Amino acid sequence: MKISIPRRAWIAAAVAATAIAPVPAWSQAYPNKPITLIVPWPAGGSTDRHHRTLAEIAGKHLGQTIVVENKPGGGGTLGPGQMALTAKPDGYTIAQFPMGMLRVPHMQKVGWHPINDFTFILGVSGYTFGLTVRSDSPFKTFNEYIEAARKQPGRLDYGSTGIGTSPHLLMEELEINAKVHLVHIPFKGNADLQQALLGGHVMAQSDASGWDKFVDSGQMRLLVTFGEKRTKRWPDVPTAKELGYGIVSSSPYGLVGPKGMDPAIVKTLHDAFKKAMDDPKHVALLEQLNQDAWYRSGEDYRQWAVETFAKDKALIERLGLAVK
């Protein structure tokens, strides 16, 4: 005669075990706590301003606060690099992914891989780069600045947001094309750089449009921009391309997380930030910063990064900056 009680007891025990088994945090309803967004630049610059607005809007769609954490250093690579090495792939730590992430590994040894150690969420925007001087600078035009550098090799300097960043590399490329030698002074971010320029500690700054308010207020003079065409906001300022220097740069960026993120969580983040990108408040900020939207899905963003990583290796080698 069969006894069914042991079987029932076994089922009950199995159900109980399932009920008390620990559930990974990222498999629970996401998000159920605040999310950290690492901005690898100091507070106050254009990138910081952009991401704080984007985070505020996206947080409303997610139903959770997105806390911006500034982690400057390494030309914008310190914050994302540390995230890749230490953060859990649970969707609660994400970061901006600047172009330097695809260039610095060609220039020095790093502990992370710019493609394999990240989950790509979406592409967001790109910069308007320009060279500015103080309003009392003797240089009224970009060509005057270059001509002075040609007459005084190694005497004229400029600051950028760090070694290997786009503002630095486009100036390195400019030096080659214009056949001049400039002294590069790296800073942690554009807020520090702008204060150095205003204080007279550097002669010029190569940077994204965080200088906009200083140019509009008359504290700085914008000599050149590095886009494909002149900006709507400063239409009288020529581009490096039209001046004959053959340089165009916008340095697209987006958001990433650590490798191994759950695709469902990636989609949740993607959808919230895509809605934030389309929000009128965000669109207005991009116009203020003179930036264009650069939306890419996570898959397309990753493919772009793979191609750019390979392409920029040639640029780094041509500039003589490749790690030996």
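# Briefing: a helix pair, a mixed sheet and an aromatic cluster

Helices α2 and α10 are roughly antiparallel to each other, because angles over 145 degrees count as such and their axes cross at roughly 175°. The structure is a predicted model. This briefing treats the helix pair, then the sheet, and finally the aromatic rings.

**The helix pair**

- Helix α2 covers residues 46–62 and helix α10 covers residues 280–289; their axes come within 10 Å.
- On the α2 side, the contact is made by S46, R49, H50, T53, L54, E56 and I57.
- On the α10 side, these residues meet K281, H282, L285, L286, Q288 and L289.
- By character, the residues of this contact divide into 5 nonpolar, 5 polar and 3 charged.

**The sheet**

- An open sheet is formed by 6 strands, and its pairing is mixed.
- In general, strands of a sheet pair through backbone hydrogen bonds, and they may do so in a parallel or an antiparallel manner.
- The order of the strands across the sheet is β2-β1-β3-β10-β4-β11.
- Strands β2 (66–70) and β11 (293–297) are the edge strands, each of which pairs on one side only.
- On average, neighbouring strands of this sheet are turned by 30° against each other, with direction ignored.
- Strand β1, residues 35–39, runs parallel to β2 and is joined to it by 5 bridges.
- One bridge partnership links V39 with N70 in β2.
- Helix α2 packs on the sheet, where it touches β1, β2, β3 (93–97), β4 (118–125) and β10 (253–258).
- The direction of α2 makes about 160° with that of β2.

**The aromatic rings**

- The count of aromatic pairs in the model comes to 15.
- In general, a pair of aromatic rings is described by the distance of the centres and the angle of the planes.
- F97 and F118 form an edge-to-face pair, with 5.4 Å from centre to centre and 70° between the planes.
- F97 belongs to strand β3 and F118 to strand β4, so their pair ties together parts that are 21 residues apart in sequence.
- F97 counts as buried because its relative accessibility is 1%, and buried means under 20%.
- F118 is likewise buried, with a relative accessible area of 5%.
- Both F97 and F118 belong to one aromatic cluster, together with W112, F120, W294, Y301 and W304.

Methods
Residues numbered from 1 in each chain as written. Predicted model: local features only at pLDDT ≥ 70, side-chain atom pairs only at ≥ 80, totals over all residues. Heavy atoms only, no water. Axes fitted to C-alpha atoms, helices over the stretch in contact; angles between N-to-C directions. Helix = DSSP H or I, 4+ residues; strand = E, 2+ residues; numbered from the N terminus. Parallel < 35°, antiparallel > 145°, perpendicular 65-115°, else oblique. Contact = heavy atoms within 4.5 Å. Nonpolar A, V, L, I, M, F, W, Y, C, P; charged D, E, K, R; others polar. Pairing = 2+ DSSP bridges. Phe/Tyr/Trp six-rings, centres within 6.5 Å; stacked < 30°, edge-to-face > 60°. Buried < 20%, exposed > 50% of the residue type's maximum accessible area, 1.4 Å probe, protein only.
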